[in-house]
Amino acid sequence: MTWGIIGAMPSEIALLETQMSNVKKETISGLSYQSGTIRGKDVVLCCSEIGKVNAAMCAQTLALRYNVGCMINTGVAGCTCEDLGVLDLVLSRDLVFHDYDWKLQEKYHPHTSRFPGDPKLIELAKKALEQIPGRDYQYKLGRIATGDVFVDDEDLRRSIIERTEPDCVEMEGAAIALVAYSNQIPCLVIRCMSDNANGDAGMSFDTFEKIAADHSAKLLLSMLELAE
Ligand code: ADE
């Protein structure tokens, strides 16, 4: 099985790139795809750039061109729950869009507005988390809400929480999950909190982006190590 791995920003795939062997690069529709192996597993790694459309384009290419057996989205997010903080981590129990009318999504393709994380990938991630030496952050299985906006405003944060009850917000996960769902490919989104999606989000993001991105990528490395 080939693992399809998407990070939206260079920081979100940087650690994974350093761990990759036998790398072959290909550019498709302006995005660069790196095929190779990590921890002995076949992977295709792509930096999608930010936002739902870029992420969906990338996920669809992984499905059709690379025939990946699963899709993992790794990266950072803004925390919107009480029980986690910056540098803690969310595994996608499910994903929703916070800027898309759920009634329309249910009426038209893909006829659902909620995309669950794959149970086997969730189990593997939990096992991998237990084996990370000296792990000093918490994690939870939770809801990730996706939209084409960096959330750094209290009113918007409150409105997203009221409408979708997420544990964190980001800009790609549900788009990738929708494409995976449409192609019947198991999918998991892993997000480490870089900020609290509030007025301080920009500053917090700048401070914690790299370390949060690496936490998420380290978990994925540990999953690849454990996988059969
Ligand atoms: N990714 C990281 N932090 C974010 C935020 N506050 N809003 C949207 N995407 C994010």
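This report describes the ligand site and the two largest pockets of a predicted model.

**The ligand and its shell**

The ligand is surrounded by 13 residues, and the closest are Gly78, Phe150, Val151, Glu170 and Asp195. By residue class, the shell around the ligand comprises 9 nonpolar, 2 polar and 2 charged residues. Three strands each contribute at least two residues to this shell: strand 5 (70-79), strand 9 (168-170) and strand 10 (187-195). Strand 5 provides the largest share, with 3 residues.

Three residues place a polar atom beside a nitrogen atom of the ligand, as tabulated below.

| Residue | Protein atom | Ligand atom | Distance |
|---|---|---|---|
| Gly78 | backbone N or O | nitrogen | 3.3 Å |
| Val151 | backbone N or O | nitrogen | 2.8 Å |
| Asp195 | polar side-chain atom | nitrogen | 2.6 Å |

For glycine 78 and valine 151, the atom concerned belongs to the backbone, whereas aspartate 195 uses its side chain. Taken alone, the ligand exposes 260 Å², of which the protein buries 96%.

**The pocket that holds the ligand**

The ligand takes up the space of the second largest pocket. This pocket has a volume of about 240 Å³. Its lining consists of 19 residues, and those nearest the centre of the second largest pocket are Val76, Phe150, Glu170, Met171 and Phe205. Phe150 and Glu170 are thus named among the residues nearest this centre and also among the closest residues to the ligand.

Strand 5, strand 9 and strand 10 each supply at least two residues of the lining of the second largest pocket; these strands likewise each supply at least two residues of the ligand shell. The lining of the second largest pocket divides into 12 nonpolar, 2 polar and 5 charged residues.

**The largest pocket**

The largest pocket encloses about 390 Å³ of space. It is lined by 16 residues, with Met1, Trp3, Leu124, Ala227 and Glu228 closest to its centre. Two elements, strand 4 (41-47) and helix 4 (119-130), each give at least two residues to the lining of the largest pocket. The largest share of that lining, 5 residues, belongs to helix 4. In composition, the lining of the largest pocket has 8 nonpolar, 1 polar and 7 charged residues.

**Summary**

In this predicted model, the ligand occupies the space of the second largest pocket, and nitrogen atoms of the ligand lie 3.3 Å from a backbone atom of glycine 78, 2.8 Å from a backbone atom of valine 151 and 2.6 Å from a polar side-chain atom of aspartate 195.

Notes:
Residues are numbered from 1 along each chain as its sequence is written. This is a predicted model: local features need pLDDT of at least 70, side-chain atom pairs count only at pLDDT 80 or more; totals for chains, interfaces and linings use all residues. Side-chain values use heavy atoms; hydrogens and water are left out. A residue is near a molecule or strand if one of its heavy atoms lies within 4 Å of it. A polar contact is a pair of N or O atoms within 3.5 Å; within protein, one must be able to donate a hydrogen and the other to accept it, and residues adjacent in sequence count only if both atoms are side-chain atoms. Accessible areas come from the Shrake-Rupley method with a 1.4 Å probe; for residues, only the protein chains shown count as cover. On a 1 Å grid over the protein atoms alone, a cavity is a set of points where a 1.4 Å probe fits but cannot get out, and a pocket is an open set with protein on both sides within 12 Å along at least five of seven lines; lining residues have an atom within 4 Å of a point. A molecule sits in a cavity or pocket if more than half of its atoms lie within 2 Å of its grid points. Helices (H or I, at least four residues) and strands (E, at least two) are DSSP runs, numbered from the N terminus. Ala, Val, Leu, Ile, Met, Phe, Trp, Tyr, Cys and Pro count as nonpolar, Asp, Glu, Lys and Arg as charged, and the others, Gly among them, as polar. Grid points are joined across faces, edges and corners, and a volume is the space filled by probe spheres set on the points.
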